[in-house]
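Okay, hi everyone, thanks for making room for me today. Let me put the sequence and the model up on the screen before I say anything about them.

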Amino acid sequence: MSYISKTLGQHEIVISSAHFHWLYWMGAWFALLSLGLIGIGFLIFFHFWITAATTEIVVTNHRVVVKTGWLRRDTRELPIRSIELVTIQQGFWALIFGYGRLVIHGSGDADIKIRPIADPLLFRKAIENVSNPNPDGPINAK
C-alpha cells in the first residue's frame, strides 16, 4: 500500500499523479550497460530504481504531496488553498522531449520543488483545475 493511499483524508481523492520521464530510465540503463562491468553501474542503476520506486508525486482535491525515500521518508505537502504559483522549468531538450521540473510556491516560505517529471504541463493543469474549480473565475461566480 502506498504512502498516499494510507494518508488520504475523508472525502479526499487523487486527481493526478506524476511519474519519471522515460529519459530518466535511459540514464539508468546507460549507467548499467556502460559501467556495469566495473560494478559502479549496478550501484547507479539501483539508486535510480530505488528513487523511482519510492517517489510519489500526487495532487489530490485537498493537497499536493511529494514523498521520497526508502529507508528514510521525506514528505512535502502543500494544501491546495495555500498554493500561490506553479512554475515550470524546461530547457531546450526538456521542451523537445516533454519533461520538466515544477516549483510550487505556497504562501509564506512553503515551496515544493519537484524533480523532472514527464508532462509537467498536465500536472500543473491538474493543480490549477483543483485550485480554481469555477471555470468563470471568482468575478463571475454566482
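I'll walk through the sheets, then a helix, then the core, and finish with two residues. One thing up front: this is a predicted model.

So, let's start with the four-stranded sheet. It's an open sheet, and the strands go β1-β2-β3-β4, with antiparallel pairing. Now look at the two ends. β1, residues 14–18, and β4, residues 74–79, are the edge strands, and each has a single partner, so one side of each is left without a neighbour in the sheet. On average, neighbouring strands here are turned by 15° against each other, if you ignore direction.

Zoom in on the middle pair. β2 covers residues 56–60, and four bridges join it to β3, with the two running antiparallel. If you want one pair to click on, take V58: its bridge partner in β3 is V65.

Okay, next sheet. This one is open too, with three strands in the order β5-β6-β7, again with antiparallel pairing. Which strands are at the edges here? Those are β5 and β7, and each of them pairs on one side only. The average turn between neighbouring strands in this sheet is 20°, direction ignored.

Let's go pair by pair. β5 and β6 run antiparallel and are joined by six bridges. Along that pairing, V86 stands opposite I104 in β6, and Q89 stands opposite R101, also in β6. Then β6 and β7 pair over six bridges, in the antiparallel sense. A pair to find there is L102 with its bridge partner I114 in β7. These two strands, β6 and β7, make a hairpin with four residues between them. And in that turn, have a look at G108, which has a positive phi of about 75°.

Now a helix, α3. The helix α3 runs over residues 40–53, so count along if you like: that's 14 residues. From first C-alpha to last it reaches 20 Å, close to the 20 Å expected at 1.5 Å a residue. Some of α3 is tucked away: G41, F45, I50, T51 and A52 are buried. What do those buried residues pack against? The answer is α2, residues 22–35, and β7, residues 111–118.

That brings me to the core. The largest nonpolar core has 18 residues, and the ones touching the most other members are I83, I104, I114, F123 and I127. Who supplies it? At least two residues each come from β2, β3, β5, β6, β7 and α5. The biggest giver is α5, with four residues. As general background, nonpolar side chains in soluble globular proteins tend to be buried together.

Stay on F123 for a second. Not counting residues up to four places away in sequence, F123 touches S16, S17, A18, I57, V58, V59, L102, I114 and I117. You've already met V58, the bridge partner of V65, and L102 and I114, which are bridge partners of each other.

Okay, two residues to finish. The first stop is T60, which sits in strand β2. Is T60 buried or exposed? T60 is buried, because its relative accessible area is 0%. Its side chain makes a polar contact of 2.6 Å with the side chain of E12. A polar atom of the T60 side chain also lies 3.0 Å from the backbone nitrogen of H62. Leaving aside neighbours within four places in sequence, T60 is in contact with L8, E12, I13, V14, I15, I80 and V130.

The other stop is K67, in strand β3, residues 63–68. You might want to guess this one: is K67 buried or exposed? K67 counts as buried, because its relative accessibility is 10% and the cut-off for buried is under 20%. Its side chain reaches the backbone oxygen of G69 at 3.2 Å. Beyond its neighbours within four places in sequence, K67 is in contact with Y3, T54, T55, E56, R73, D74 and T75. And if you want a distance to try on your own screen, K67 and S131 are 64 residues apart in sequence and 21 Å apart in space, C-alpha to C-alpha.

That's my tour, so over to you for questions.

Terms used: Residues are numbered from 1 along each chain as its sequence is written. This is a predicted model: local features need pLDDT of at least 70, side-chain atom pairs count only at pLDDT 80 or more; totals for chains, interfaces and linings use all residues. Side-chain values use heavy atoms; hydrogens and water are left out. Buried means under 20% relative accessible area, exposed over 50%, partly exposed in between (1.4 Å probe, protein chains only). Contact means heavy atoms within 4.5 Å. A polar contact is a pair of N or O atoms within 3.5 Å; within protein, one must be able to donate a hydrogen and the other to accept it, and residues adjacent in sequence count only if both atoms are side-chain atoms. Two strands pair if DSSP finds at least two bridges between them. Axes are lines fitted to C-alpha atoms, for helices over the stretch in contact, and angles run from 0 to 180 degrees between N-to-C directions. The expected span of a helix is 1.5 Å times one less than its number of residues. A nonpolar core is a set of buried Ala, Val, Leu, Ile, Met, Phe, Trp, Tyr and Cys residues joined through side-chain atoms within 4.5 Å.
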